[in-house]
Amino acid sequence: MNAIRPDRDTRDSQLTEAELQRHLNATWGSPRRFWGALTNVDHKVIGRRYIVTAFVFLALGGILSLAMRLQLSQPEARFIGPDRYNQIFTMHGTNMMFLFAVPVMEAMAVYLVPLMVGTRNIAFPRLNAFSYWMFLAGGILLWVAFAIDTGPDVGWFAYVPLAGPQYGTGKRADIWAQMITFTEISALAVSLELVVTIFKQRAPGMSLDRIPLFVWSMLVTSFLVILAMPAIMIASTSLILDRLVGTHFFNPAEGGDVLLWQHLFWFFGHPEVYIIFLPAVGMVSTIVATFTQRPVFGYLAMVMALIATGVLAFGLWVHHMFVAGLPRLGASFFTASSMAIALPAGLQIFCWLATIWWGRPIFKTPFLFVLGFIFTFVIGGMTGVMVASVPFDTQVHDTYFVVAHFHYVLVGGALFPLLGAIYYWFPKFTGRMMSERVGKWVFGLIVVGFNLTFFPMHILGLRGMPRRIYTYQPEMPWGGLNMFISLSALILTAGFLLFFIDVVRSARHGRPAGANPWRASTLEWATPSPPPCYNFQRIPVVGDSTPLWTDGEVLTVASGLRVDRRELLVTGVVDASPEARESSPGHSVWPFWTAIATTIVLIWSIFTPWAVVWGSIPIAIALIGWFWPKGEPEDES
């Protein structure tokens, strides 16, 4: 990095392209070595860390699923005992939902959204760094507990009273509850950053009707996180208070209510499905547009469908409680809501199919994963409508039919688009292409392996096999299908193993990509691949929803930002007209120390409530260091 020191109040409009590049590298450059890694606040660095860490947790969760399939492959198997199986079952669900599915979607947005809206960094970059350290600490806590045989064993949903003080002895349920706190702090922080970035840092001219659909999907998702995740934080905090302080939120003998837990958990839990799904919708829209070389049909309808899905998601939580003994009138309302949310999903699928029909599809690996997504998600949506019916759900609620439905919705509906997105944006992340030939093998193994693994679970459920069991009797008619499912899971595993090998190989030896290898239309491809530390040498001006198709490689740009300090352009919420210049915080180690102090308090509080009192001291010190003025006062704009 060039050590040039820009003169005070140097503007980008005063410099040649070469001079501007040197100045921006000096101002926005990332620190190096280990200490620099702890202080970095570049959204691209944090986003890459998030993505890599989340995929590590995906691999660990996949290993746990193979262990469960080994145990269930034959009746009365003795590979895993009941206690360890309960831990593995809980760890698998908790890991996949809280440490992979939600974080990886937000991670993609952390990296891509600032590039797609044409700004130089995410809003609140230090908060962004803090969110990653909290996410990492929560994951380490969970897996260290599992390694020392103290992993949670109450299911990823932690129903009381089994998770309460009467039955959930030891610290296993406490570790689960505190891990929730780690991940929700992280998710809420990222959502706040994304909302502000999308509303106030868009490139001039990028009005609301020109925002990329992936950005729209992340905006709706961020509001879902902000509105839904406080419910699970309240639930987990109440559970810890019941267990450690002696409150009785969920104790019916003292005026509490066990169903209160289910209401709080599923008020978060069903919107979480769409927190995972809606980013995938944005990914699919982006990939479909690029590989048909035309804008997605029905842009306004797609945006309205995203917003409608976000609103309806909050009216579905009792969908998970039809067998809990609630009034039938209320159940009928939630049946209607559960069926109504299929309408915007169907509208989105229609728009994608119309785009493909009128375009010229290019059948590269990202697009193949989109086709696999449409096929599997339609199956998951159809079974979702089935379990929305109270009479049918009453029969299959606690069977493997629901396990099959759940995985078709989340794996088919979110993981397939995510894999397509990794192949699509990998050149942007690394500057290199993944192998197209290997990618097609990955697609075939994963799609075939997934359907062979999970579709037979529908049949198991209809034959009455309960979920959440660790073994079954030989006389039950489930042994043959379970062995078939376990063998099919090996095909799925081979696909993911080949995917990870391709990622590692391509990152080092892949073919150089160039700036825009897919001939895409959105702004992230207007920068080199991978992007420089400052993202854009000059801030682009947007005059269309597909600026790279409309204006080609030469974009209109805005000027006037200073280069002697980190400065961003603030624009209007509706029309993205320029409003002000705003400083962006630089690299700092204080988010890391604040995360360390918060981690100590949360883990300490598992053992004594006094940790909250004494632990507030190091947190206060870290926050003072974080916010203490260190530079010159901001200039008047």
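**Nonpolar surface patch.** I looked up a nonpolar patch on the surface of this predicted model. Trp35, Trp593, Ile596, Ile600, Trp604, Trp610, Val613, Trp614, Ile617 and Ile621 form it, with about 1,100 Å² of accessible area together. Patch residues have over 30% relative accessible area and no salt bridge, and nonpolar side chains (Val, Leu, Ile, Met, Phe, Trp, Tyr) are joined within 5 Å. A salt bridge is a Lys or Arg side-chain nitrogen within 4 Å of an Asp or Glu carboxyl oxygen. Areas are Shrake-Rupley values with a 1.4 Å probe.

**Who contributes.** Helices H18 (590-604), H19 (610-614) and H20 (616-627) each give two or more residues. H18 gives the largest share, four residues. Helices are DSSP runs (H or I, at least four residues), numbered from the N terminus.

**Trp614.** I found Trp614 in H19. Trp614 is exposed, at 52% relative accessible area; exposed means over 50%, buried under 20%.

**Helix H20.** H20 has 12 residues and reaches 16 Å from first to last C-alpha, close to the 16 Å expected at 1.5 Å a residue. The expected span is 1.5 Å times one less than the number of residues. Ala622, Gly625 and Trp626 are buried in H20. Down the axis, the buried residues of H20 fall within an arc of 105 degrees, so they line one face. Directions from axis to C-beta atoms define the arc. The face turned away carries exposed Ile621, Ile624 and Phe627. H5 (125-147) and H18 are among the cover over the buried residues.

**Settings.** I number residues from 1 along each chain as its sequence is written. Local features need pLDDT of at least 70, side-chain atom pairs 80 or more, totals for chains, interfaces and linings use all residues, and side-chain values use heavy atoms without hydrogens or water.

Key: Patches are made of residues with over 30% relative accessible area and no salt bridge: like charges are joined within 9 Å, nonpolar side chains (Val, Leu, Ile, Met, Phe, Trp, Tyr) within 5 Å. Buried means under 20% relative accessible area, exposed over 50%, partly exposed in between (1.4 Å probe, protein chains only). Contact means heavy atoms within 4.5 Å.
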